[in-house]
Structure formats: structure tokens, C-alpha cells
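Work through the exercises below with the model open. Try each task before reading its solution.

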Amino acid sequence: MTELVEVSADEAPVLDVVFVHGLDGDARTSWSTKREGSFWPEWLGRDVEGLAVWSLGYEAASSRWLGHAMPIQDRAINLLALLESHGIGQRPLCFVTHSMGGLVVKEMLLHAADGRADYTEFATATRGVVFLATPHTGSDIVTKAVVKALSVVYRKTAAVDGLERNSAHLRQLNTKYRNWAVEPATDIRHKIFYETQVTKGVQVVDAGSADPGIPGQTPVPVDADHIGICKPAAPSDLVYGQIKHFITRIVTALQTNPGGANQQETPQDVGAGGVRAVSGVPVMESLKAVHGVGRIPEQPDVFVGRVQELARLEAAVAGSGGRAVVVAVQGLGGVGKSTLAARFAALHAGWFSPVWWVTADSAAALEAGLGELAGALAPEAVVLPSEQRVELAVRWLATHQGWLLVLDNVTSPRDVAGLLGRVRTGTIVITSRQRSGWRAVETVPLDVLTDDEAVRLLARIVWSEWPEADMAGADRLCEELGWLPLAVEQAGAYLAQTRTSPAGYLELLARFPARMFTATAEGGDAQRTMARVWHVTLDHLAATPAAGQVLRQLAWYAPDGIPRALLAGAVVEPELSEALGRLAAYSMITLTGDTVAVHRLVQAVTRTPDLTDPHRQPADIATARDTTTTTLATTLANLDPHTPADWPTYRMALPHARVLLENTTPDTDTDQASRVLNELGAYLKGQGDVSTAIDYYSRACDSHQRLHGPDHPATLLSRNNLASAYESAGDLDRAIPLYQATLAERERVLGPDHLHTLLSRNNLASAYESAGDLDRAIPLYQATLAERERVLGPDHPDTLLSRNNLASAYQSAGDLDRAIPLHQATLAERERVLGPDHPHTLSSRNNLAGAYQSAGDLDRAIPLHEATLADSQRVLGPDHPHTLSSRNNLAYGYQSAGDLDRAIPLYEATLADSQRVLGPDHPDTLLSRNNLAYGYQSAGDLDRAIPLYEATLADSERVLGPDHPTTQIIRSNLDGARTT
């Protein structure tokens with residue numbers, strides 16, 4: 001409902017003051033808080049004599065205000081008619097507007113100025129307009145950004161949809177009003193305010209969009225958000241005090257000069273011999289640079305590194321002569337592009353006149369910066385409209401040399417193409433996140449700092465305010481921050497202010513990432529934080545929605561070498577390639593033909609939920625995490641961790657899965673995550689990384705039990721795998737009870753003949769054998785083999801595995817008459833069924849060679865060991881645990897043959913590689929140390945044998961326990977050496 005509320009009226013008013021609210025407002029609540037007596041239009045009537053104060057109310061619900069044709073023009077006429085019917089317009093008038101209400105008033109005044117609908121008196125009666133957070137946008141790009149911000153504050157409603165569809169009309173409205181406001185006949189003062197706090201995570205109207213471009217008007221920042229800016233809490237508040245002063249000046253002028261006008265002369269264009277001149281302003285083509293004119297941002301107190309990049313800038317400029325030089329410094333947001341450009345400008349200010357810095361992140365900002373350059377060169381030009389000032393600046397640049405223009409934070413090459421096309425002299429340095437599209441422009445790519453430079457930057461920032469600070473751990477902090485200058489500077493300022501150590505900051509970063517990514521020290525720029533810088537970049541990518549999806553998925557992988565194949569799934573082609581291309585163009589990722597790289601801090605911020613950031617909503621991040629997990633699980637499905645041909649895929653997926661698992665918690669694990677854990681656990685156990693395998697199997701076991709319960713086949717599989725990892729680590733006290741319990745559950749749940757049940761029986765027998773309990777191991781092996789032959793058949797790989805294991809148990813029991821023939825038969829079957837290069841076939845050859853050696857048949861043992869080692873190195877690689885075992889066995893064969901000159905060096909080399917590959921506490925490493933000591937003992941070198949036995953025994957007792965078979969062997973060998 002449209003209404004006009006009379007708030008107060010003086011006995012003889014000279015000025016009507018009309019309040020006009022915006023979306024979702026009304027005549028009273030827009031201008032008051034919930035506190036009684038806070039309706040501040042009443043304060044004006046009380047504090048300023050000669051006023052009649054009114055509050056205009058109209059239908060402004062955000063869901064209905066604007067129809068499909070954006071009837072803001074109709075609304076303007078409707079409100080003009082309402083005001084006229086109350087006699088407003090017959091005496092001087094001042095409007096106080098909020099947000100979109102300012103657009104309505106501009107439309108009203110332009111209607112009146114055009115003489116439409118007989119409301120011309122409003123154009124001449126209006127003496128002042130107050131704009132509280134009204135978006136005076138200067139380009140389609142900025143307009144759309146403001147509309148997007150409004151869509152967050154006022155929901156995605158019909159009003160906002162109408163604004164978005166008609167952004168071109170808004171720009172025309174702003175331009176037309178600005179031009180009318182500076183005309184000599186227009187007698188209107190303006191007062192402009194904008195908010196500095198966010199509303200629902202966005203700043204709707206900032207300093208740039210609040211500026212209508214009217215000469216002499218500087219928007220006033222207010223410590224409030226978009227809704228609270230029009231609700232001053234007390235008469236002492238900034239907003240109320242400034243508006244009261246503004247209106248008082250209008251009243252005073254009216255009382256001093258009733259009916260008078262604040263006329264000002266506007267220079268008129270004239271022609272002069274083909275060179276266009278402006279009255280009162282020198283011809284720009286002939287205007288010389290003024291000494292001392294220039295604008296460079298304040299330099300940071302600390303600057304480190306960038307020697308090569310500065311040299312490239314200097315070289316580009318030094319050889320230019322009078323020709324135009326355009327250099328684009330490009331890189332990820334926060335990498336230090338603006339700092340480098342400012343450093344270059346300051347160091348070489350003597351080379352140029354003038355040096356002029358322009359923030360160029362929008363068309364409006366670029367126009368403002370060029371207009372200010374015109375005013376600095378010709379002060380008479382400051383009264384001209386913005387378009388004329390921009391034209392004067394461009395004409396001056398195009399006809400002079402020796403100047404430096406820095407265009408900072410250019411969004412896209414096309415945003416400055418028009419300027420570069422007209423200006424052919426001087427030097428222009430551009431900073432931009434945009435990596436592509438510069439064509440003829442020389443580019444200087446900027447990467448992160450080196451590790452030493454980052455540490456130096458951090459330390460100097462901290463010590464400048466906290467000289468006694470202990471910077472221990474600075475290198476680890478800088479590594480965690482990815483050596484990104486902005487992040488290092490942000491951390492340094494925080495450390496200095498809060499007296500926090502680097503280690504303390506790392507802990508805060510781990511515990512409170514969202515808070516720390518936006519934290520600034522006192523006096524810091526809240527817009528220059530890691531989270532905010534990349535938020536702005538993603539805003540520019542809003543036209544490619546898949547870009548955000550892809551970046552969120554990339555955030556869960558390792559930062560380097562991400563195969564493009566791992567991104568398939570949530571985004572399909574060609575959208576995937578387009579999204580990657582745009583992310584690369586804005587330096588958010590590095591793209592090659594096959595892989596993607598992304599800065600680790602971009603990843604950390606991207607996967608940290610923030611309800612105030614539309615690009616980091618928790619649900620979207622969780623979806624990306626689950627998509628990444630499913631992709632990895634699918635990649636690893638149907639692979640065999642024992643098959644060398646599959647190992648490249650495991651190696652490709654492993655670093656990315658590690659990062660995913662390190663940055664997720666078990667409570668979020670899905671079935672797919674548990675599959676990844678089991679698959680990688682099996683691969684890592686086979687490669688000798690038993691410790692990580694145990695961690696992965698344990699987590700998978702817990703997750704399966706949480707998701708499905710203790711009896712589910714997947715839970716039982718994880719328990720079997722965990723027991724197997726314990727056995728490989730030599731921890732038989734945990735392996736055997738877990739095997740026993742798992743076997744019992746599988747027999748109950750799956751039945752005695754199930755593949756998994758038979759596997760549990762085989763594994764339990766293996767653990768008994770490892771513990772030296774052959775009385776239980778051999779019968780269980782025999783029974784399992786019989787069941788596998790009955791259920792699976794004689795050629796099944798599991799049946800062949802049982803035959804191999806039984807043969808090894810016979811060998812351990814000294815029953816070589818049964819061991820050797822069974823080994824020989826198993827090897828022949830494996831060669832036939834699996835092939836000569838299968839890891840199980842190689843294992844059978846190794847075991848048969850060991851059985852020959854145990855029988856004293858070294859003529860057959862050593863050649864077979866040598867051939868097996870050669871094939872293992874070829875098939876498995878020199879560092880595979882089975883290869884290391886073959887080398888150890890061959891060395892033992894040489895020792896048994898009395899060839900210590902070959903045995904001892906091979907033992908020593910094998911031990912060194914075992915320590916490097918498996919670690920010093922791995923059971924195989926402990927066995928290699930024992931064997932080397934035995935080699936020294938055989939050579940009579942007890943001075944080396946006994947200390948090595950002693951050290952190995954101590955470690956074996958610590959790692960495996962005093963009763964483990966390996967520990968008992970080492971103890972027996974030590975006793976023998978001492979006796980000798």
C-alpha cells in the first residue's frame with residue numbers, strides 16, 4: 001500500500017524532507033530500530049527548524065516490487081503523483097533514500113527534468129538528495145555484481161530477477177542522472193554513504209558502486225551493514241550527524257537567499273583549428289607533465305626476492321625508446337603482483353613523469369582512475385563529467401612519452417583493449433590474474449616465493465614489531481602456506497600482533513582454518529585475505545558454474561600432477577575442459593595436456609566450509625569430497641595389488657588418496673572411502689609400507705563396522721586384512737587372535753566353504769607358522785588345501801597358494817622329502833596357470849631354491865636364486881620387498897657355499913636398501929641385520945658380528961617382542977657368536 005506519513009512540520013517550513021525506503025522496507029521500520037524512540041526522522045523535525053518531515057511508504061516487498069518489465073518508471077510516476085497530491089514540490093525539497101529507494105528517486109527526478117507527466121516542479125524544487133547505500137553502478141559487470149549481492153540479502157526473488165534482466169537500464173539510469181546532476185541548471189546537493197560491513201556474507205554496496213561520479217562527491221564509509229546503515233542508534237551517530245548538518249546547510253542557504261540557487265558554471269566544448277579544446281582547460285595534446293604529479297601506493301615495509309622479475313620489467317622498458325611498452329604481470333591472486341608493480345614504480349620513479357597508479361578491477365574503477373589523472377594534469381578538469389575527464393586523460397597519454405601507467409588487478413585483457421588501442425606511447429604495466437589472452441603484450445609470470453625468501457619475509461615482518469620473537473618453525477609454517485606472499489604476510493602480521501609462535505599459528509590453522517584464512521591484524525585490509533582474494537576470482541568465474549565444482553574437487557587431491565582422468569564424473573565434457581580452461585586463465589590452476597596443479601593453500605581454503613561464502617557452502621564441499629572418493633574407488637576397482645601391471649595405477653592414485661584421507665575424518669567415510677582404504681592398504685603392505693597399511697586397514701574396519709555392523713562381509717574382510725598387516729609387521733600377538741575371531745565369524749556368517757572363509761583359514765595357518773607353531777599350522781594348511789581343491793579346483797590361484805604355503809611349512813619343519821616335491825609341483829602349476837613372471841610364480845621359485853639350499857643342494861639352489869633375483873628385479877623392480885628378499889636369500893646361498901667375498905657385500909647392500917625402503921624396524925630389515933651379522937661371524941669378524949647382533953636383538957625385542965621366532969633366532973645367534 002502506498003502512503004505518505006507526516007512525521008513532523010514546523011509552523012513555517014522552508015524545506016520538505018521526504019524519506020524513501022528500499023526493498024522489504026516501509027515508512028517506519030526502515031528508519032528505526034526495535035528500541036522505542038529510535039524513529040530518527042522525528043529527531044530531524046526536533047533538531048532542525050524550518051522542516052516538514054515526511055516518510056514515504058510504498059509496495060516494496062522484494063518478491064513483488066518489480067514485475068517482468070521492471071516497472072520502476074511506473075513506480076516513479078505513482079510516487080510523484082502521491083507527493084504532488086500532498087502539496088510537496090511547491091517549496092524546496094530534500095530526499096533521504098536507502099538502497100533501491102535511491103534508484104526510485106533518481107527515476108522520479110529524471111521524469112520531472114524531462115517534463116513528463118507535468119511534474120517539472122520536482123526537478124527545480126529539489127535541493128538535496130542523500131543516498132544511503134544506493135548502488136550507483138558504472139558498468140554492466142559492476143551492476144551484475146551488485147545485483148548478485150542483493151540476491152543474497154533479499155533472496156533470489158522477482159525483484160532481483162527483474163534487476164538482473166534489466167541491468168542495462170540501471171546503467172543508463174545512473175549515467176543519465178549523473179549527467180543531469182552536473183548541468184548548470186541543476187541545483188542539487190548530494191550526500192553519499194556506503195556500508196563497510198557485510199550482510200549475509202556479502203558487501204552489497206562498496207565505495208566504488210556507491211560513487212555516482214558527481215564531481216566533488218566523496219562517499220562516506222559507515223561502520224554498518226547494508227540494512228543497518230539507515231538505522232542510526234543515537235543522535236550522536238555519524239549518519240545522523242552528517243545528514244542533520246547537510247540539511248541544516250540547505251535550510252540556512254534558503255533562509256539567506258530565498259528562492260536562490262547554487263548555480264555553477266560548467267565549461268562548454270569549443271572547436272579550435274581541428275584540435276578539440278575545453279573552455280578553461282588547456283589543450284591536452286600540448287600540456288606538459290607537471291613535476292611532482294604522480295600516484296604510487298604506499299610501499300610495504302618489507303620486500304624480499306623478485307630479483308629476476310624486476311630485471312625483466314626493467315629490460316622491457318629500457319629498450320623501448322619512444323615506442324609503447326605494455327607488460328602484464330600475471331599470477332594467482334595473492335602471489336604479489338601489485339607489490340611487484342609498486343616496487344618497480346617506486347624504484348624507477350625517476351625514469352617517468354608522471355607515474356600514475358589506477359585500480360582497474362572494473363570499468364568504473366578504470367574510468368575513475370583515468371579521470372583523476374586528468375584532474376591531476378589539469379586541475380580545471382575536475383568539474384567536468386567523468387566521460388570527458390577520461391577522454392582528456394586518454395588524449396594526453398596518447399600524445400606524450402615518458403610516463404608510466406600501472407593498471408592494477410585487470411580482470412580481462414578485453415577490459416583494457418580500448419585504452420591500449422588508442423595509446424601508442426609511454427609505458428603501461430598491468431597486473432592481472434588472467435593468464436591467457438594477452439597476445440602481443442609481453443608477460444611476466446609470477447610464482448610463489450622460494451622457501452628461503454618466504455621465511456625471510458615472515459621473519460622480517462614479525463621482527464619489525466616483535467624483535468625478540470623466536471622464529472623456530474618458520475620454515476614449516478611457510479611450507480604449509482605454500483610460500484604464497486599474501487598468506488605469509490597475513491601470518492606474519494598475526495604473529496606479531498598476537499605474539500604467537502610459528503608453531504602456534506600452525507596449530508590454529510589446523511584447528512580453526514576458516515577463522516585463520518580470514519584473520520587480519522589490527523589495521524589490516526579485510527579484503528586482502530586469502531579467502532577474500534580467491535572469492536573475488538570465483539565471482540569472475542560465475543558465468544562458468546562448473547569451474548567452482550571442478551575447483552572443489554581439485555581441493556581434495558594432492559596439489560601437483562592431478563590426472564585429468566580423475567576429474568571425470570561430476571562434470572562431463574565439454575564443460576570439464578571449459579571449466580579447467582577458465583580456472584587456468586585466472587591462474588587458479590596450472591594446466592598441462594594430461595595433468596592439473598593447484599596451489600595447496602587454494603585447496604585448503606576451497607575445502608574449508610564457510611556459510612558466508614557462496615563458493616564454500618558445506619553441502620557443496622561435502623559433495624565434492626564424496627565425488628572425489630568415488631572417483632578414486634572406481635579407479636582402483638578390479639586391480640590386483642600383486643600384479644605389477646596394475647602398480648602404475650596404484651602409484652598414480654596413492655598421493656591423491658593420501659591427501660583426501662588426511663583431510664577427512666573417519667566419521668565422514670563412506671563405503672567408497674573404505675574401499676579406497678582397503679585397496680591401498682593391500683598395495684602398501686605388498687610394497688613393504690606395513691605401518692601405513694595398518695592405519696588404513698584399521699580405519700576401513702572401523703568405518704565398515706559403523707556403516708554396516710560387525711557381521712557384514714565388508715567388515716569381516718577389513719578385519720582379515722588388518723590381521724594380515726599385523727602379521728607382516730611381526731605383531732603376532734594381535735594378528736593371531738584377530739585371525740581366529742574373524743575365521744569364527746566368517747564360518748558363522750558366510751559358511752565353511754565360502755572363499756573368504758577358506759582365506760581366513762589359510763591366513764590363520766600362516767600366522768601359526770610365523771609364530772613357529774607348526775603343530776597347528778601344518779594340519780590347518782592341509783585341511784584348507786583339501787577344501788580349496790574340492791571347492792575351487794586344483795588350478796585355482798588360491799589352491800596353488802595353499803600348496804605353496806603347505807610346502808613352506810614342511811620345509812620349516814625340516815620335512816624336505818615332502819617340501820621339495822610339493823614346491824616343484826606348485827612351481828610347475830603356477831608357471832602353467834599364472835605365467836613365469838607372475839609374482840606368485842617368482843615366489844615359488846624363490847621358495848624352491850631355499851628348499852634346495854636347506855637340503856644342501858647348492859648346485860641347484862644358487863643358480864635358481866640368481867635367476868629368480870634377476871627376474872624379480874626385472875618384473876618387480878629393485879626395491880620391491882620380494883626382490884630384497886631374493887637378494888638376501890642369494891647372499892645366504894653364497895655364504896652357505898663359503899663364498900663370503902660375495903655374500904657379505906650383498907648382505908650389506910641389501911640391508912642398506914631394506915632400511916631405506918622398509919624402514920629400520922621392519923621385520924625383514926631386522927632379519928637382514930641378523931644375516932649380515934651371521935656373515936661377519938662366518939668370516940671370523942666377531943668385532944663386527946657381536947655388536948650388530950646385540951643391537952639387532954635389542955631392536956627385535958622392542959619391535960617384535962622377546963618371544964617372537966625372529967627374536968629367538970637372533971638371540972641364539974648372538975649366544976653362538978659369544979661362545980665362539
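One aromatic cluster is formed by F19, W31, W40, W43 and Y240. The model is predicted: local features need pLDDT of at least 70, side-chain atom pairs count only at pLDDT 80 or more, and totals for chains, interfaces and linings use all residues. Residues are numbered from 1 along each chain as its sequence is written, and side-chain values use heavy atoms, with hydrogens and water left out.

**Exercise 1. Aromatic pairs**

Task: Find how F19 and W40 are arranged, and say which parts of the chain they tie together.

Solution.
- Start with the rule. Rings of Phe, Tyr and Trp (its six-membered ring) pair if their centres lie within 6.5 Å; planes under 30 degrees apart are stacked, over 60 edge-to-face, and the rest tilted.
- A search of the whole structure gives twelve aromatic pairs.
- F19 and W40 make an edge-to-face pair, with 5.0 Å from centre to centre and 85 degrees between the planes.
- Next, place the residues. Helices (H or I, at least four residues) and strands (E, at least two) are DSSP runs, numbered from the N terminus.
- F19 is in strand β2 (residues 15–20) and W40 is in the loop between β2 and α1 (41–47), so the pair ties together parts 21 residues apart in sequence.
- Now check accessibility. Buried means under 20% relative accessible area, exposed over 50%, and partly exposed in between (1.4 Å probe, protein chains only).
- F19 and W40 are both buried.

Task: Do the same for W43 and Y240.

Solution.
- W43 and Y240 pair edge-to-face, at 5.3 Å centre to centre and 80 degrees between the planes.
- W43 lies in helix α1 and Y240 in helix α9 (residues 238–256), so this pair ties together parts 197 residues apart in sequence.
- W43 is buried, because its relative accessible area is 6%.
- Y240 is buried too, with a value of 0%.

**Exercise 2. Charges over rings**

Task: Say which rings lie under the charged ends of R28 and R902.

Solution.
- The test: NZ of Lys or CZ of Arg is within 6 Å of the ring centre and within 35 degrees of the ring normal.
- R28 has its charged end over the ring of F39, 4.5 Å from the centre.
- R902 sits over the ring of Y894, with its charged end 4.1 Å from the centre.

**Exercise 3. Salt bridges**

Task: Count the salt bridges, then place three of them in the chain.

Solution.
- Apply the cut-off: a side-chain nitrogen of Lys or Arg within 4 Å of a carboxyl oxygen of Asp or Glu.
- The count is 36 salt bridges.
- Take R658 and D689. Their closest N and O atoms are 3.7 Å apart.
- This pair links distant parts of the chain: R658 is in helix α25 (residues 647–662), and D689 is in the loop between α26 (671–686) and α27 (690–708), 31 residues apart.
- R658 is partly exposed, because its relative accessibility is 25%. D689 is also partly exposed, at 26%.
- Take R790 and E787. Their side chains form a salt bridge at 2.2 Å, N to O.
- R790 and E787 are about one helical turn apart, because they are three residues apart in helix α31 (residues 774–791).
- Take E950 and R978. The N to O distance in this salt bridge is 2.9 Å.
- Distant parts of the chain are linked here: E950 is in helix α39 (residues 942–959) and R978 in helix α40 (residues 965–979), 28 residues apart.
- E950 is partly exposed at 35%, and R978 is partly exposed at 48%.
- Finally, look for shared partners. D837, R845, D871 and R874 are joined by salt bridges into one network.

**Exercise 4. Cysteines**

Task: How many disulfides does the structure hold?

Solution.
- Look for cysteine sulfur atoms within 2.5 Å of each other.
- The structure holds zero disulfides.
- Check two cysteines for burial. C478 is buried, at 1% relative accessibility. C701 is buried, at 9%.

**Exercise 5. A long span**

Task: Where is L405, and how far is its C-alpha atom from that of Y781?

Solution.
- L405 is in strand β13 (residues 404–410).
- L405 counts as buried, because its relative accessible area is 1%.
- L405 and Y781 are 376 residues apart along the chain, and 83 Å separates their C-alpha atoms.
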